[in-house]
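Here is a short note to help you find your way around a new structure. Keep the view open beside the text and turn to each spot as you reach it.

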Amino acid sequence: MSSPEEPRHPVSLEPAGLRFDAPASVPLLKAAQAAGIRLPSSCRNGTCRACMCRLLSGTIEYTIEWPGLLAEEKREGWILPCVARATSALVIASSEASVQTQAGKR
Ligand code: FES
C-alpha cells in the first residue's frame, strides 16, 4: 500500500465533479474506493474492461504489461483504472462514478 511520504496526485472525476488523491503506487480504482468513491469494476486485473473510462488530462502508467485495450483505444485516451496508477494530476471522464453509500460498503 502507500506510505505517508509517497507522492499523491489529485484526480478529478467528471461530470460528477468528484475528487480524490491517488498515491503513486496505488491503482486508481483502489485509491477512489479508499476515498469513498465507487467506479464500475469487475475483474480488477485489466481484462474485463468493465472499468474502462476516458482520461481527459494527465498521465498514467499500468501495473501490468498488457492491459486489455487496443492501441487505438489507448490513443483515444481510454484507460483501465483497476490497473492504472497516476503519474500526474488527472482528469477522468466517468459517467458512472458515484459516492459510496454506507449501505453499499461491505
Ligand atoms: S475491472 Fe476489469 S478491466 Fe478493470
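The points below go from the whole chain to the sheet, the core and a few local details.

1. **What you are looking at.** Please keep in mind from the start that this is a predicted model. The chain holds 2 helices and 9 strands. Its elements follow one another as β-β-α-β-β-β-α-β-β-β-β along the sequence. With a radius of gyration of 13 Å, close to the 13 Å that the globule rule gives for 106 residues, the chain is as compact as a globular protein of that length.

2. **Overall dimensions and contacts.** The C-alpha trace spans about 35 × 30 × 25 Å along its principal axes. Of the 106 residues, 28% are buried. Among contacts with a separation of 6 or more, 62% join residues that are 24 or more positions apart.

3. **The sheet.** A good place to begin is the open sheet of 5 strands, which has the order 2-1-8-4-6 and mixed pairing. Which strands stand at its edges? They are strand 2 (18-23) and strand 6 (78-79); each has a single partner strand, so one side of each is left without a neighbour in the sheet.

4. **From one edge inwards.** Strand 1 (residues 8-14) pairs with strand 2 in the antiparallel sense, over 6 bridges. To see this pairing, look for R8 opposite P23, and for P10 with D21 of strand 2 as its bridge partner. On the other hand, strand 1 and strand 8 pair in the parallel sense, over 4 bridges. Here V11 stands opposite L90 in strand 8.

5. **On to the other edge.** Strand 8 (residues 90-93) and strand 4 are antiparallel and share 3 bridges, with S57 opposite V91 in strand 8. Strand 4 (residues 53-57) also runs antiparallel to strand 6, and 2 bridges join them. At that pairing, R54 stands opposite W78 in strand 6.

6. **The two faces of strand 1.** Which residues of strand 1 lie on its covered face, and which on its uncovered one? H9, V11 and L13 form the covered face, whereas R8, P10, S12 and E14 form the uncovered one.

7. **The nonpolar core.** V11 from that covered face turns up again here: together with L28, V11 has the most contacts inside the largest nonpolar core, a group of 24 residues. Strand 1, strand 2, helix 1, strand 4, strand 7 (84-86) and strand 8 each supply at least two residues of this core. Helix 1 gives the most, with 4 residues.

8. **L28 and its contacts.** It is worth selecting L28 and looking around. Leaving aside neighbours within four places in sequence, L28 is in contact with V11, A22, P81, A84, R85 and A86. So the two residues with the most contacts inside the core, V11 and L28, also touch one another.

9. **The turn between strand 1 and strand 2.** This hairpin has 3 residues between the strands, and G17 takes a positive phi near 75° there. The loop also contains P15. The peptide bond from E14 to P15 is cis, with omega near 5°.

10. **Two arginines with positive phi.** R44 has a positive phi of about 60° although it is not a glycine. R49 is not a glycine either, and has a positive phi of about 75°. R44 lies in the loop between strand 3 (37-38) and strand 4, and R49 is found in the loop between strand 3 and strand 4 as well. Are they buried or exposed? R44 is partly exposed, because 16 other C-beta atoms lie within 10 Å, a count between the 12 or fewer of an exposed residue and the 20 or more of a buried one. R49 also has 16 and is partly exposed.

11. **A last stop at A24.** A24 is found in the loop between strand 2 and helix 1 (28-34). A24 counts as partly exposed, with 15 C-beta neighbours inside 10 Å. Not counting residues up to four places away in sequence, A24 touches E6, P7, H9, R85 and A86. A24 and S3 are 21 residues apart in sequence, and their C-alpha atoms are 9.8 Å apart in space.

Definitions and conventions:
Residues numbered from 1 in each chain as written. Predicted model: local features only at pLDDT ≥ 70, side-chain atom pairs only at ≥ 80, totals over all residues. Pairing = 2+ DSSP bridges. Contact = placed C-beta atoms within 7 Å. Rg over C-alpha atoms; globule rule 2.2 N^0.38 Å. Core = buried A, V, L, I, M, F, W, Y, C linked by C-beta atoms within 7 Å.
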